[in-house]
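Q: I should like to learn how to read helices, pockets and cores in a protein model. May we take them in turn, with the structure at hand?

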Amino acid sequence: MITFVISVILLLLGYWLYSKLIERIIGVDPKRVTPAVAHPDGIDYVPMKPWRIFLIQFLNIAGVGPIIGAVMGAQFGTASFLWIVFGCILAGAVHDFIAGFISLRQDGASLPEIHGKYLGNGMKQFMRGFTVVLMILVGAVFVNTPATLLTQDIFVPEGLRHLDSSVIQYFWVVIIFLYYLLATLLPIDKIIGKIYPIFGIMLLAMAVALVVAFIAYGVPLREVWDGLENSHPQAQTNPIFPMMFISIACGAISGFHATQSPLMARCMINEKQARPIFYGAMIAEGVVALIWAAAAAYFFHDHPELCLGKSGAAMVGVIAKQWFPGIIAFITILGVVSAAVTTGDTALRSARLIVADFMHVDQKPVPKRLMVAIPIFVLSAALLVFSLANPAGFDYIWRYFSWANQVLAMFTLWAVTVFLSKLHPTKGWYWITLVPALFMSMVTISFLFVAYKEGLGSVLPHPVGYAIAAVLTAALGVFFFLRRNRK
């Protein structure tokens, strides 16, 4: 419990101290007119209250990421606590804050446009396609997760439990997809602005309930000094580096977050809101991830018999049912379902905005919104059908979603590093994002050469794979400095 308490304190100190430094470096100006004030359109550029934007941003970037990802990452042991804390403070929250601030300064620009401004036109074209594909993957992943959770007995009436679980799952898939279409097309303040703050509060309440359970049951949470060895059941093929850093994305750093920030940048009425909304929401997510990681680590270590063959979503059910009475367990799992659903719909909304931005399609008329949204939904549905029709389909999509998510974080870190280098050409403030950019480059590149079955890891010895990744990462660093010196 000591490690857990210190970790929470460090996260809060990160917000209190480090975020203020970032705010001064980027030059937040409370007198500058924001996009929502300059040209509100009633659809996407809609001024909203700061507390509401914070809760929407928190729910958008969190969803089930800090739950499922943290639960899966906890299999690696207490090293996961360190990654959540320091990854969140030094990388993830900085990534979210600066990327969101750039969007705020550039008329609510979507992420690929930001990449293009700082990494070049070729990168902009590539990231347009890459980011939309990632959003479609997110849409598919976050339909599957809630639909799977809703097949559990506590959600199925007694008279329908004779039905095959796949029938119930397909029913919920259709319902969730219809909701996604509605939430994607309607003005942001009609559904997202009204009910997301409620779901955000639920997500925080679930985390508080777990902390109460820690205390009530006297749960012996693992400490860092118990050892940082890899406790993953398939440790041989799942080395901590890079697999843990891929598994725990949303609780530490996630490229997906930077795709959501423009949604809120188009609703803010003062630049001073950027620090609590972008950096603060990420710290809140880090706390949630830490709580779920601690709970999962306890079960993986002390009750492995309950965890055999369980997916991340299934482990949520195990934790809820073991620690909470029926009604609270029901609410907890329902909260996870709502978190997943709200991540999927904002992902597809982001995809619509990204496509509309680079195709220059006015999104005020409903037919034009449909023209952009329908193909995105068709592709997401096709991926979902694949994942449901193949036993390992969901795991396959999840793994590549996780990797693509961290690749996006890597590119965004490089973009914000160039931004800082241009903003302060004679100072070294760019190092605050350059170090995370290099680290995430090493993570994502080594995944291709080390991870078993995902790339060349099945044929290359690990030392060789790490060496290749290190050389390529160093080359990126050298390229950055060469281009910087040439301005």
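Q: Which residues in H18 are buried?
A: This is a predicted model. An α-helix has 3.6 residues a turn, so residues three or four places apart point the same way. In H18, the buried residues are Gly465, Ala469, Thr473, Gly477, Phe480 and Arg484.

Q: What span should the 24 residues of helix H18 have?
A: At 1.5 Å a residue, helix H18 (residues 462–485) should span 34 Å, and the 35 Å between its end C-alpha atoms agrees with this.

Q: How is empty space read, and what is the volume of the second largest pocket?
A: Rolling a probe the size of a water molecule over the atoms shows where empty space is left. The second largest pocket has a volume of about 690 Å³. It is lined by 19 residues, of which Tyr118, Val418, Phe480, Arg483 and Arg484 are the closest to its centre. Helix H6 (111–119), helix H16 (393–423) and H18 each supply at least two residues of this lining. By class, the lining has 11 nonpolar, 3 polar and 5 charged residues.

Q: How many cavities of 30 Å³ or more are there?
A: The count comes to 2. The second largest cavity holds about 50 Å³ of space, and helix H11 (255–265) and helix H14 (326–359) are the elements that give two or more residues to its lining. Among the lining residues are Ser110, Thr259, Arg266 and Ile354.

Q: Which residues have the most contacts inside the largest nonpolar core?
A: They are Ile26, Ile98, Tyr180, Phe214, Trp292 and Trp323, in a core of 166 residues. Helix H12 (residues 274–302) gives the most to this core, with 21 residues. Beyond four places away in sequence, Trp323 touches residues including Leu210, Phe214, Tyr298 and Phe299.

Terms used. Residues are numbered from 1 along each chain as its sequence is written. This is a predicted model: local features need pLDDT of at least 70, side-chain atom pairs count only at pLDDT 80 or more; totals for chains, interfaces and linings use all residues. Side-chain values use heavy atoms; hydrogens and water are left out. Helices (H or I, at least four residues) and strands (E, at least two) are DSSP runs, numbered from the N terminus. The expected span of a helix is 1.5 Å times one less than its number of residues. Buried means under 20% relative accessible area, exposed over 50%, partly exposed in between (1.4 Å probe, protein chains only). On a 1 Å grid over the protein atoms alone, a cavity is a set of points where a 1.4 Å probe fits but cannot get out, and a pocket is an open set with protein on both sides within 12 Å along at least five of seven lines; lining residues have an atom within 4 Å of a point. Grid points are joined across faces, edges and corners, and a volume is the space filled by probe spheres set on the points. Ala, Val, Leu, Ile, Met, Phe, Trp, Tyr, Cys and Pro count as nonpolar, Asp, Glu, Lys and Arg as charged, and the others, Gly among them, as polar. A nonpolar core is a set of buried Ala, Val, Leu, Ile, Met, Phe, Trp, Tyr and Cys residues joined through side-chain atoms within 4.5 Å. Contact means heavy atoms within 4.5 Å.
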